[in-house]
Amino acid sequence: MSDVESTTAGQKPRSNAWQSAITVLQEVEPHFIPSGAHAMTVVVEFPPGDPGTPPHRHSGPAFGYVLDGEMVFELEGEPARAVPGR
């Protein structure tokens with residue numbers, strides 16, 4: 001696979017940076033959720049201007065905040081919105 005994947009016309013090509021952008025800080029299997037489910041705390045680090053991950057789904061709720069800079073957040077069925085760093 002190349003370092004840059006093609007995308008639809010008019011969009012910035014997607015890099016493979018998302019594949020190494022995540023550092024898992026914590027992952028547990030609490031007793032109060034269904035068997036096989038788990039929770040994680042992760043750090044996601046994208047280089048400036050990177051378009052981020054390709055469309056994907058999570059098996060449960062996902063929470064996060066931006067430490068530095070700004071990211072464009074898109075959720076299926078909702079308009080994209082900018083999330084500023086704190």
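Leaving aside neighbours within four places in sequence, Pro54 is in contact with Arg14 and Trp18. Contact here means heavy atoms within 4.5 Å. Pro54 sits in the loop between β4 and β5. Strands are DSSP runs of E of at least two residues, helices are runs of H or I of at least four, and both are numbered from the N terminus. Pro54 is partly exposed, because its relative accessible area is 22%. The classes are buried under 20% relative accessible area, exposed over 50%, and partly exposed in between, with a 1.4 Å probe and protein chains only. Pro54 and Asn16 are 38 residues apart in sequence, yet their C-alpha atoms are 9.6 Å apart in space.

The structure is a predicted model, in which local features need pLDDT of at least 70, side-chain atom pairs count only at pLDDT 80 or more, and totals for chains, interfaces and linings use all residues. Residues are numbered from 1 along each chain as its sequence is written, and side-chain values use heavy atoms, with hydrogens and water left out.

The chain holds six strands and zero helices. From the N terminus on, its elements run β-β-β-β-β-β. Of the 86 residues in the chain, 10% are buried. The chain exposes about 7,500 Å², and carbon and sulfur atoms supply 56% of that area. Accessible areas come from the Shrake-Rupley method with a 1.4 Å probe; for residues, only the protein chains shown count as cover. Among contacts between residues at least 6 apart in sequence, 22% join residues at least 24 apart.

Confidence varies along the chain. pLDDT is the predictor's confidence in each residue, from 0 to 100. Its mean over the chain is 77, and 83% of the residues reach 70 or more. Among the elements, strand β1 (residues 4-5) has the lowest mean pLDDT, 48, and β6 the highest, 90. Over residues 1-6 the pLDDT is below 50; this stretch has 13 contacts in the model beyond near neighbours in sequence. Where pLDDT is low, the predicted coordinates should not be read in detail.

The loop between β4 and β5 also holds Asp50. Asp50 counts as buried because its relative accessible area is 18%. Its contacts, apart from neighbours within four places in sequence, are Lys12, Ser15 and Ala17. With Ser15, the side chain of Asp50 makes a side-chain polar contact at 2.4 Å. A polar contact is a pair of N or O atoms within 3.5 Å; within protein, one must be able to donate a hydrogen and the other to accept it, and residues adjacent in sequence count only if both atoms are side-chain atoms.

Pro61 lies in the loop between β4 and β5 (70-73) as well. Pro61 is exposed, because its relative accessible area is 72%. Between Pro61 and Ala39 there are 9.1 Å in space, C-alpha to C-alpha, and 22 residues in sequence.

Salt bridges were searched for across the whole structure, and two were found. A salt bridge is a side-chain nitrogen of Lys or Arg within 4 Å of a carboxyl oxygen of Asp or Glu. Side chains of opposite charge can pair when their charged atoms come close. Arg57 and Glu76 form one such bridge, at 3.1 Å from N to O. This pair links distant parts of the chain, 19 residues apart: Arg57 is in the loop between β4 and β5, and Glu76 in the loop between β5 and β6 (81-84). Arg57 counts as exposed, at 68% relative accessibility. Glu76 is exposed too, at 65%. A salt bridge also joins Arg81 to Glu78, with 3.2 Å between the closest N and O atoms. Arg81 is partly exposed, with a relative accessible area of 39%. Glu78 is likewise partly exposed, at 40%.

On the surface, Ile22, Val24, Met40, Val42, Val44 and Phe46 make a nonpolar patch of about 480 Å². Patches are made of residues with over 30% relative accessible area and no salt bridge; like charges are joined within 9 Å, and nonpolar side chains (Val, Leu, Ile, Met, Phe, Trp, Tyr) within 5 Å. Strands β3 (22-28) and β4 (39-44) each supply at least two residues of the nonpolar patch. β4 gives the most, with three residues. Met40 has its place in strand β4. Met40 counts as partly exposed, because its relative accessibility is 45%.
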